[in-house]
Amino acid sequence: MVMGARVGVAVASAPIAVVDVVGLGGTFAAALARTALRAPWRGNASVVRNVAVSTTRECVRSLIGYMTSLPIDEFRALERVLDGVSGVALPPFVRAQGVRMEAVAVADVPGLWFRAPDTEPVGTIVYLHGGGYIGTSPTMYAVFMAYLARTSRCDVFVPDYRLAPEYPYPAATEDVVAVIGELLAEGEVSSDRLFLAGDSGGGGLAGSVLNDLVLDELPLPAGVVLFSPEVSMVLNEPSVQENAALDVLPWNVPTNPYLHGHNPEDPSVSLLHQDLSLWPPTFVSYGSDEIFRDAIRSFVQRLAEHGVPHEAHEVAEMFHVFPFLLPWAQESRTVYRQVGKFIAGVMAEEAIHPGVGAAVS
């Protein structure tokens, strides 16, 4: 259930939503014009690939900038439109992967299951979608989740957790902890076959969930998989400025709607200030061109300092959450295989040595 469909969430009228959709179309047209003026064909790869990457970068940045400039009721209305389009356009691509998508609720939290019926699952992934704690939905992640379910050989559940600003911290954390609790209580999933995963804000949320599980002395998942996690809410690292022209994220990433006055350095929301000593084996993938790069490097270093078995890959010339935004790219497909190998290794109890993986060319 996208946020705009929840009871009590204000949504702009249909005529205003239509105007905003037209405005979004104009924003995309301007993005394409800017892309053409920036010589998108230049780069180390083929012309077609360079143009595709440059166009994706500019269009996603423009989408985020446009939507976050709207009043919240218009943001929700436009998000609902995009969710509806995704619900029509993406399921055929999910089925093409041999994956079944099913809408259910776990612990009264709506969400989507992604399962490959012809494959015996080796485990279960609870995946926390990105969106800076304020936007997107499980449906928008359908194709990415199909790839993840297929390559990891796991069933994947994507909870539609509550979003800010209507529901600031700790609402999302409470939703995910409740989902994990019910999955374990039902007996169909055991903690040693459960993985917690997420990207961007969902990656940061995974840290908040683990923090709560540790504090409440609840069972921890067998492993953690993070794509470009938002590990810091302060955003004062050099890469925020250095990579501003290279990333899909805007330089002024909003955090206040989610924090709502909460201390951004509190361990409950900051992985850079959290005690990581009890974390399970962790996989981290991120791009060298993203604004979160330096914070993620610090996080990986903290994993090593706490002795957490981990595998980290900084992928050269890639921007924020590229496995989601560029599923066709060789770098993304490499990451999918690495995740599958990581999960298989955890399930087989093979040693995962602390250390930072080499950049993938």
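**Rings, cores and helices**

Trainee: Let's start with tyrosine 141: buried or exposed?

Mentor: Tyrosine 141 counts as buried, because its relative accessibility is 3% and the cut-off for buried is under 20%. Keep in mind that this is a predicted model.

Trainee: OK, so what's the mean pLDDT of the protein?

Mentor: The mean is 93, with 97% of the residues reaching 70 or more. The stretch to watch is residues 356-361, where the pLDDT is below 50. Leaving out near neighbours in sequence, that stretch still has 15 contacts in the model. Where pLDDT is low, though, predicted coordinates should not be read in detail.

Trainee: Back to rings. How many aromatic pairs does a search of the whole structure find?

Mentor: It turns up 14. One of them joins tyrosine 141 to phenylalanine 324, and that pair is stacked, with 4.1 Å centre to centre and 5° between the planes.

Trainee: Where does each partner in that pair sit?

Mentor: Tyrosine 141 is in the loop between strand S3 (123-128) and helix H5 (142-152), while phenylalanine 324 belongs to helix H11 (residues 322-325). The two are 183 residues apart, and the pair links distant parts of the chain.

Trainee: And phenylalanine 324: is it buried or partly exposed?

Mentor: Phenylalanine 324 counts as partly exposed, because its relative accessibility is 23%. Tyrosine 141, at 3%, is buried.

Trainee: What about phenylalanine 283 and phenylalanine 342: stacked or tilted?

Mentor: Those two form a tilted pair, 5.7 Å centre to centre, and the planes are 55° apart. This pair also links distant parts of the chain: phenylalanine 283 is in strand S7 (residues 282-287) and phenylalanine 342 in helix H12 (residues 330-347), 59 residues apart. Both phenylalanine 283 and phenylalanine 342 are buried.

Trainee: Which residues do ring pairs link into a cluster?

Mentor: The cluster takes in Tyr127, Tyr141, Phe144, Tyr147, Phe227, Phe324 and Tyr336.

Trainee: What sits over the ring of tryptophan 113?

Mentor: That's the charged end of arginine 115, 4.1 Å from the ring centre.

Trainee: Switching to the inside. Which residues touch the most other members of the largest nonpolar core?

Mentor: Trp279 and Phe299, in a core of 61 residues. Helix H6 (residues 171-186) supplies the largest share of that core, with six residues. Another core lies apart from it, with 43 residues, including Leu112, Ala142, Ala222 and Phe283. As a rule, nonpolar side chains in soluble globular proteins tend to be buried together.

Trainee: What does phenylalanine 299 touch?

Mentor: Outside residues up to four places away in sequence, phenylalanine 299 touches Leu226, Val231, Leu271, Leu272, Leu276, Trp279 and Val284.

Trainee: Tell me about H6. How many residues does H6 have?

Mentor: H6 has 16 residues and reaches 23 Å between its first and last C-alpha, close to the 22 Å expected. Its buried residues are Ala171, Ala172, Thr173, Asp175, Val176, Val177, Val179, Ile180 and Leu183. Just after H6, glycine 187 takes a positive phi of about 85°.

Trainee: And H5: how many of its residues are buried?

Mentor: Nine of its 11, which leaves H5 mostly covered. Among them are Phe144, Met145 and Tyr147. Arginine 153, just after H5, also takes a positive phi, of about 60°.

Trainee: What covers the buried residues of H3?

Mentor: The cover includes helix H1 (14-37), helix H2 (47-68) and helix H4 (91-96). The buried residues include charged ones such as Glu74, Arg76, Glu79 and Asp83, along with Phe75 and Leu78. H3 (residues 72-89) spans 25 Å over its 18 residues, close to the 26 Å expected.

Trainee: Staying with H2, what is threonine 56 in contact with?

Mentor: Setting aside neighbours within four places in sequence, threonine 56 is in contact with Phe319, Leu325 and Leu326. Threonine 56 is in helix H2 and counts as buried because its relative accessible area is 18%.

Trainee: And serine 54, what does it touch?

Mentor: Serine 54 touches Thr35 and Pro40, again not counting residues up to four places away in sequence. Serine 54 is also in helix H2, and it is buried, with a relative accessible area of 17%. Its C-alpha is 8.2 Å from that of tryptophan 41, which is 13 residues away along the chain.

Technical notes. Residues numbered from 1 in each chain as written. Predicted model: local features only at pLDDT ≥ 70, side-chain atom pairs only at ≥ 80, totals over all residues. Heavy atoms only, no water. pLDDT = per-residue confidence, 0-100. Contact = heavy atoms within 4.5 Å. Core = buried A, V, L, I, M, F, W, Y, C linked by side-chain atoms within 4.5 Å. Buried < 20%, exposed > 50% of the residue type's maximum accessible area, 1.4 Å probe, protein only. Helix = DSSP H or I, 4+ residues; strand = E, 2+ residues; numbered from the N terminus. Phe/Tyr/Trp six-rings, centres within 6.5 Å; stacked < 30°, edge-to-face > 60°. Lys NZ or Arg CZ within 6 Å of the ring centre and 35° of its normal. Expected span 1.5 Å × (residues − 1).
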